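Here is a short tour of a protein model for your bench notes. Have a look at the chain below, and then we can go through how far to trust it and how its strands fit together.

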Amino acid sequence: MIEAVGLQKSYGRKPVLRGLSLRVAPREITLLVGPNGAGKSTTLKILAGLVRPDGGGVRVSGHDLLHDRLAVQRALAYLPQNPAFHPHFTCRQILEFYASLRGTGRDRIGFALESTGLQECTTERAGALSGGMRQRLGLAVLLLPDAPVLLLDEPGLSLDPSWRRRLQDILHGEARAGKTILVTTHLIAEWNGVAHRCLLCRDGQIAREADPANLPVDAEDFATSVAQPAAFPPEVEVGA
């Protein structure tokens, strides 16, 4: 479970988040969509404990981000928009490194390689990988710790259509296993009938909740609305 209330964040004098609140439930894939600059990536970085909010509260798997950031980070796995790896390390070396950081068994390395189709690329150096292969390696790192919460920032941009569909299949399997999954994407229409929920982010707030079975091609094609979705019931308190 992810719960956030009243998130605020500015960079210098530029406000990015203006009281954003959301709830993401287990066993579901929730999309966070919106135009460039709406605050989607900043939201994910705050939830991952990588950026400190100026205000508001976050709980991830029952842990309060402000008071126990390490517990929050142990409960999640995060795939950034452009994953970067040491160019001279092989795929297996990179997975072994991250497995050691997360205290993950070697069996999870085999699972991650198989899930992402990288079994034949274990000795390939990261610097020689194409953009799509590097994204698949990032997905493999995401899957390593079997974390209950998955955060993915634009995971499909470097993947070809067949692997974008494979990514959706992988995430559906993780959701069925009880994971809480939050995905930002500009490839909105490809998630029609795939995601369980879709939240539209505008001007640093959740503007509305959209029908996940009737998604447009572009975020600008959503009907404008300032109605707050039933994404975070007011009786829930975070950071109290």
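In this predicted model, residues 224-231 keep a pLDDT under 50, and the model has 20 contacts beyond four places in sequence for them. Residues 233-240 also stay under 50, with 10 such contacts. Where pLDDT is low, the predicted coordinates should not be read in detail.

**Confidence elsewhere**
- The protein chain has a mean pLDDT of 90, with 92% of its residues at 70 or more.
- Among the elements of the chain, strand 7 (residues 149-153) has the highest mean pLDDT, 98, and strand 10 has the lowest, 91.

**The six-stranded sheet**
- An open sheet is built from six strands in the order 6-7-8-3-9-10, with mixed pairing.
- Strand 6 (76-79) and strand 10 (205-210) each have a single partner strand, so these edge strands have one side without a neighbour in the sheet.
- Ignoring direction, neighbouring strands of this sheet are turned by 20° against each other on average.
- Strand 9 (residues 197-202) runs antiparallel to strand 10, and five bridges join the two; L199 has E209 of strand 10 as its bridge partner.

**Strand 1 and its partners**
- Eight bridges pair strand 1 (residues 2-11) with strand 2 (residues 14-24) in the antiparallel sense, and I2 sits opposite V24 in strand 2.
- Two residues lie between the strands of this hairpin, where G12 takes a positive phi near 65°.
- Strand 1 also pairs with strand 4 (residues 55-60), again antiparallel, over five bridges; here V5 faces G57 of strand 4 as its opposite residue.

Note on methods: Residues numbered from 1 in each chain as written. Predicted model: local features only at pLDDT ≥ 70, side-chain atom pairs only at ≥ 80, totals over all residues. Heavy atoms only, no water. Pairing = 2+ DSSP bridges. Helix = DSSP H or I, 4+ residues; strand = E, 2+ residues; numbered from the N terminus. Axes fitted to C-alpha atoms, helices over the stretch in contact; angles between N-to-C directions. pLDDT = per-residue confidence, 0-100. Contact = heavy atoms within 4.5 Å.
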